[in-house]
There are 2 protein chains.
Amino acid sequence: MKNREVRLKRYPDGLPAKDIFEIVDADLPALAQGQMLIRNIWMTVDPYMRGRMTAGRDSYVPPFELGEVLDGGSVGQVVESNGGPFAAGDYVTGMLGGWRQYHVTNGLGLSKIDMALGAPLGAYLGVLGMPGMTAWYGLQKIGKPKPGETVFVSAAAGAVGALVCQIAKIRECRVVGTAGSAKKCDWLKNAIGVDAAINYREAGDGLSNALKEAAPKGVDIYFENVGGIHLEAALEAMNPLGRIVACGMISQYNNPDPVGVRNLFNVIGKRITMQGFIVSDSFAEIPAFTADMGGWVASGKIKWEETVYDGLDKAPEAFIGLFSGDNLGKALVRIGPDKA
Amino acid sequence: MKNREVRLKRYPDGLPAKDIFEIVDADLPALAQGQMLIRNIWMTVDPYMRGRMTAGRDSYVPPFELGEVLDGGSVGQVVESNGGPFAAGDYVTGMLGGWRQYHVTNGLGLSKIDMALGAPLGAYLGVLGMPGMTAWYGLQKIGKPKPGETVFVSAAAGAVGALVCQIAKIRECRVVGTAGSAKKCDWLKNAIGVDAAINYREAGDGLSNALKEAAPKGVDIYFENVGGIHLEAALEAMNPLGRIVACGMISQYNNPDPVGVRNLFNVIGKRITMQGFIVSDSFAEIPAFTADMGGWVASGKIKWEETVYDGLDKAPEAFIGLFSGDNLGKALVRIGPDKA
C-alpha cells in the first residue's frame, strides 16, 4: 500500500514557490502495537508554517526537515487500530497528521470529533480548531475587550481575522478591519458585520489616515496579523492604554529585507502593551473555548468562509496562496471524501 | 524684583540647539493669597522634555508653549508664604518649578523634603525622585525580575539606567548594560557592579552579537531606554516569555527619519510582552518606592553619579547634553546654593 505525501525539498528564499515541494508515493509501514492508520479527509495550510521553512531558526516550533514529509493540522477517519486509543470509523483531528494521504500514529495530540455537534469536518481546522482558538484566546485573554471599545483587525477576512471581528462584535465593540480587495471588504461589512472595512491595497501609504477616519474614537485593541505599515498605522491611531495582540506578521514572513516599524515610541507615550502569543499557550482554556465557540456556531452567531483546494496534490498551491492575499476565510485542502 | 527664566523660542527640528531657548529677566508678580515664593536650588533636564518640544503632538503631556517659560522638576526653598501650604525655610520638590530662578506657586504637586534623611538635595531629582521611581517601578512592576534571570539595560550609565542595573543586582539578576564610552563601561563594571558592559559605539552593527556573547543564557528582561538597533538586538537575544519595559527611546527623539525596527516578529514566536509606561502611572506606589529606595540609599546599596551644570544660564546646554551621550548619571543644573 502506497501513501502519497508532500515533502520539503529545500527551504524557500523569500516567497515560497511550488518547486520547494516534492510529492512522493511512499511505502506505508505496517502498524506497530498501539498504532492506528488514519485516512486523511482534510488538511490545513497556515501562515505559521512559513516560519518552519527556515534552517536553524530559533523559533517556538522546530524547522521542517528537508527530504521529510511536512506536518500540520488534519482531520481524518480511523481505518484500522492495532490497540490504539481510537476505534476504526472514529473521526479524529490533530496538529501533526497533515500533508499526507494516510497517517500512522499512536494518537499523540489527536482528539476524537463529536459528530453529534453536526459541524462540517473542515470546521475542526478552522472555527472549531486552531484558528478559532487563536482568535478567541488572543482577543479575550490578551485584548480584554470592553463594550464600546474600538478593535482594529488586520487580515480581517482571513481565517483568524474574520473570527476576531465577530467575537469583538459579540463583545459589543466597534470593529474596523483591513483586507486586500473590494470583494473582501464587502463581505466583511455585509456578512461579518464589521463597522468599517479598509482596502489596504487601495489605501497604500494612506492607511494610517484611512484608519483614523474609520476609528474616529481611536483604536483600543489592535489584533495584529500583518505587521509593517499596518502596525505603524495602528500605533498612530491607538488610544492610551491600548493593547496590541501580536498574533502574526504575514507581510514580513517572505520578506528578505523586512520593513522596519518606525513609530514604536508611541508604545511609551500611550502606555501600550504589546503581547505575543502562540496557540499552545491557550490549551488550558480549551473547555472554555469549546463552550463559547460551539455555542456561537450552533446559534449561527459566527459565520465563516473556506477556500478549498481539491486533492493533496494542490497542497503546495494552497500554501503559496496564503501569501498572495487571494483566499477568503480559511484555506483548506480536501484530501478525500468524508466517508470512505 | 526680577526672575531669570528660560523660555522656548521655537520648536527644534531634529537635535535641539541653543538658539531655540531664550533667557529672560522677567518681572516677579506679587504673591496672591495662598501662594508661596520658592527660591530654586536645583532643576533637572530629562529626555522626555524633548517630546514636549513638538507642536500639536498627541502625547501624554502637552507641548511646551512658545514664548513661555519651560517647566520641569526642581528643588527649592520657600522664601515667603502668603498662606500657602509650606512655611518659609521649608525645602520642597515638584515637577513644575524648573527652568527659572524663583517659582510662584500655590503648592500644587509640591512636596516637602524630609531633611532628617540627610540625602543631598539634588538626589530628589534623581535617585529619590522621578528617575528613581521610573527605574524602580518599571523594573519591578513591569519587568518582574526573578533571581537568576538576565536583565539587559540600554543607556545603562544614564540617570534611570544605572538605577535599574543596581535594583536588578539587588534582585539577584545577571545584568548587561550598554553605554557610549569605555569610561562609562568601566564605571558600570567597577562602581555599579554590572556583570557585562557593552560600548555600543564600538560594537556598531555588531551590537546584536555582542549582546548574545554578554548574555549567554539569553535576555529575560530588556529595560528599553534607547530604541532602534538596541531594540533589535534585544529582540534577537530574548528568551521565550521575555518582558520589554518600554521606558524611553532616546535614539529616536531627534531623528526626523526614525530607524525602523525590523524583527518585531520575535514578539510572537518568543511570546514577548512589551509594555510602555510613564512615571505618573506609578504614583500610587510612592510609599513603597520611598521605603525601598530610601533604605537602599541609607545603607549604601545604591550609588549614583551626577553631571552638574552650574547656573541657570547653563540649562540649555545641560538639556542638549542629554542627546550627545556625554553625561554620566543624572544631569542637573544648580541654580543657587542650598542655603540662601
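These entries record what I looked up in chain B of a predicted model.

**Entry 1: B:G67**

I first located B:G67, which lies in the loop that runs between α1 (48–51) and β4 (74–81) of chain B. I then asked whether B:G67 is buried or exposed. B:G67 counts as exposed because 11 other C-beta atoms lie within 10 Å, and the cut-off for that class is 12 or fewer. I also looked up the distance from B:G67 to B:L8: their C-alpha atoms are separated by 5.6 Å, although the two residues are 59 residues apart along the chain.

**Entry 2: burial of β3(B)**

I turned next to strand β3 of chain B, residues 36–44. How many of its nine residues are buried? I found eight of the nine to be buried, so the strand is largely enclosed by the rest of the structure.

**Entry 3: pairing of β3(B)**

I then asked which strands pair with β3(B) and in what sense.

- With β4(B), I noted antiparallel pairing over seven bridges; within this pair, B:N40 stands opposite B:G76 of β4(B).
- With β6(B), residues 102–105, β3(B) runs antiparallel and is joined by four bridges; here B:M36 is placed opposite B:T105 of β6(B).
- With β15(B), residues 330–334, I noted three bridges, again in the antiparallel sense; B:T44 has B:L332 of β15(B) as its bridge partner.

**Entry 4: link between the entries**

I note that β4(B), which follows the loop holding B:G67, is also a strand that pairs with β3(B).

Notes
Residues numbered from 1 in each chain as written. Chains lettered and ligands numbered in written order. Predicted model: local features only at pLDDT ≥ 70, side-chain atom pairs only at ≥ 80, totals over all residues. Helix = DSSP H or I, 4+ residues; strand = E, 2+ residues; numbered from the N terminus. Buried ≥ 20, exposed ≤ 12 C-beta atoms within 10 Å, placed from the backbone. Pairing = 2+ DSSP bridges.
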